[in-house]
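Below are some notes for your reading of this model, set out as numbered points. Please keep the structure open beside them.

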Amino acid sequence: MLAGKHILLIVGGGIAAFKSLDLIRRLRERGATVTPVVTEAAEQFVTPLSVSALAGTRVYRDLFDLTDEAEMGHIQLSRVADLVVVAPATANLMARMAGGLADDLATTLLLATDTPVMIAPAMNVRMWEHAATRRNVAQLRADGVSVVGPEEGDMACGEYGPGRMAEPLDIVAAIAGHLTEGPLTGKHILVTSGPTHEPIDPVRYIANRSSGAQGTAIAQALVMRGASVTFVTGPADVPPPEGARVIRVTTALEMQKAVASALPADAAIFAAAVADWRMAQASDTKLKKSSGGVPVLEFAENPDILRETSALEKNRPGLVIGFAAETDDVLKNAAAKRLRKGCDWIVANDVSPGTGIMGGQENAVTVIDEAGVESWPRMDKNAVAGRLADRIVSALVAGS
Ligand code: C5P
């Protein structure tokens with residue numbers, strides 16, 4: 001997805017600079033070319049030699065590297081790339097960007113470039129929350145800069161909160177999303193996928209046969225059409241889609257939280273096979289065979305994430321799509337489910353054991369919406385995904 005793309009990566013001076021080494025590796029693994037620029041402060045955290053070794057090219061360090069204009073001047077350097085990425089973007093670097101300073105190579109390139117810019121901020125939580133940084137972020141966004149992260153978590157300085165740089169793979173996803181143009185460019189779409197695992201005790205869990213293949217294929221098809229996709233997945237058999245922001249969860253309760261944190265979205269597709277029940281009280285220790293006979297498992301109902309999201313007053317995605325995996329009376333049950341869940345479309349499929357659909361390569365679906373029922377022939381799950389993605393484009397994009 002990033003093959004042939006060129007990233008100008010500006011590494012700022014923060015402890016998160018070490019993660020930029022992994023970012024370079026991940027970008028190159030995907031076929032991108034990376035031209036690295038390190039600030040003077042960044043050299044306190046990573047050596048130009050390691051950056052250069054990973055990038056497989058020379059690293060640019062200061063304006064005087066460019067005095068030989070015959071080789072590459074700063075204007076040219078600022079424009080060679082498809083995207084300029086600043087990771088980590090420190091509070092200081094962001095302030096200088098917002099103020100339009102050009103007092104070193106990094107800020108000069110950022111001022112001279114006509115290429116889109118993406119930043120991955122990283123700083124102490126108080127610095128991130130400071131009014132000055134809030135102003136600078138708002139200014140940068142207004143200037144058209146896209147911002148990935150930061151994330152909330154334990155920080156190198158010992159505090160907890162937002163300020164940690166986004167993980168390299170999430171930055172890669174944001175970059176891929178940014179560089180993939182299509183009818184869904186500018187749209188944020190949430191996809192849930194895979195099964196959930198509900199623990200019984202530390203070693204046993206309740207699961208289902210969902211492989212995550214259909215949800216992954218849908219997310220991939222949406223990324224390819226330019227959408228920025230948040231992919232919330234349970235423990236699936238297939239790898240997650242390239243170019244999506246991936247949030248991994250295990251249980252239904254975790255999935256519910258991840259979905260809430262991913263909103264707002266223009267559309268949400270609930271392809272996950274969420275367990276309807278969890279243990280009322282999972283055991284902290286392994287259940288033992290005992291003379292008391294077989295254990296009796298007491299269940300509690302899991303939240304219905306699709307129904308909850310469909311019922312939101314604030315932040316309800318404009319298009320909510322549910323799945324109905326049925327083994328009998330598919331159409332009747334699915335139509336009733338659409339009304340019960342309050343979603344806009346239901347994608348119904350027959351998962352009876354004889355069909356080989358659950359966990360298999362193919363799917364035969366019927367899409368039910370307000371206007372009626374549309375049955376598609378049995379086809380590869382990727383083809384189902386493509387057709388569904390095109391239908392989503394028609395619904396979300398006026399005139400398509
Ligand atoms: O009720 P049922 O499990 O058949 O509903 C299937 C649809 O509801 C799927 O879209 C599934 O992702 C979603 N769902 C959910 N949360 C649950 C159960 C199902 O989002 N707890």
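**Notes on the predicted model**

1. The protein chain carries 38 positive and 46 negative side chains, and the centres of the two sets lie 4 Å apart; Lys and Arg count as positive, Asp and Glu as negative, with His and the chain ends not counted, and each charge is placed at NZ of Lys, CZ of Arg, CG of Asp or CD of Glu.

2. This is a predicted model, in which local features need pLDDT of at least 70 and side-chain atom pairs count only at pLDDT 80 or more, while totals for chains, interfaces and linings use all residues. Residues are numbered from 1 along each chain as its sequence is written, and side-chain values use heavy atoms, with hydrogens and water left out.

3. Of the 400 residues in the protein chain, 51% are buried, that is, under 20% relative accessible area with a 1.4 Å probe, counting protein chains only.

4. The largest nonpolar core (buried Ala, Val, Leu, Ile, Met, Phe, Trp, Tyr and Cys residues joined through side-chain atoms within 4.5 Å) has 34 residues, of which I189, L222, I269 and I392 touch the most other members. Its largest share, 7 residues, comes from α13, helices being DSSP runs of H or I with at least four residues, numbered from the N terminus.

5. Beyond its neighbours within four places in sequence, I392 is in contact (heavy atoms within 4.5 Å) with I189, L222, I269, L319, I321 and W345. Apart from this core lies another, of 32 residues, including A17, L23, A122 and A176.

6. Along its principal axes, the C-alpha trace of the protein chain spans about 75 × 60 × 40 Å.

Technical notes
Buried means under 20% relative accessible area, exposed over 50%, partly exposed in between (1.4 Å probe, protein chains only). Helices (H or I, at least four residues) and strands (E, at least two) are DSSP runs, numbered from the N terminus.
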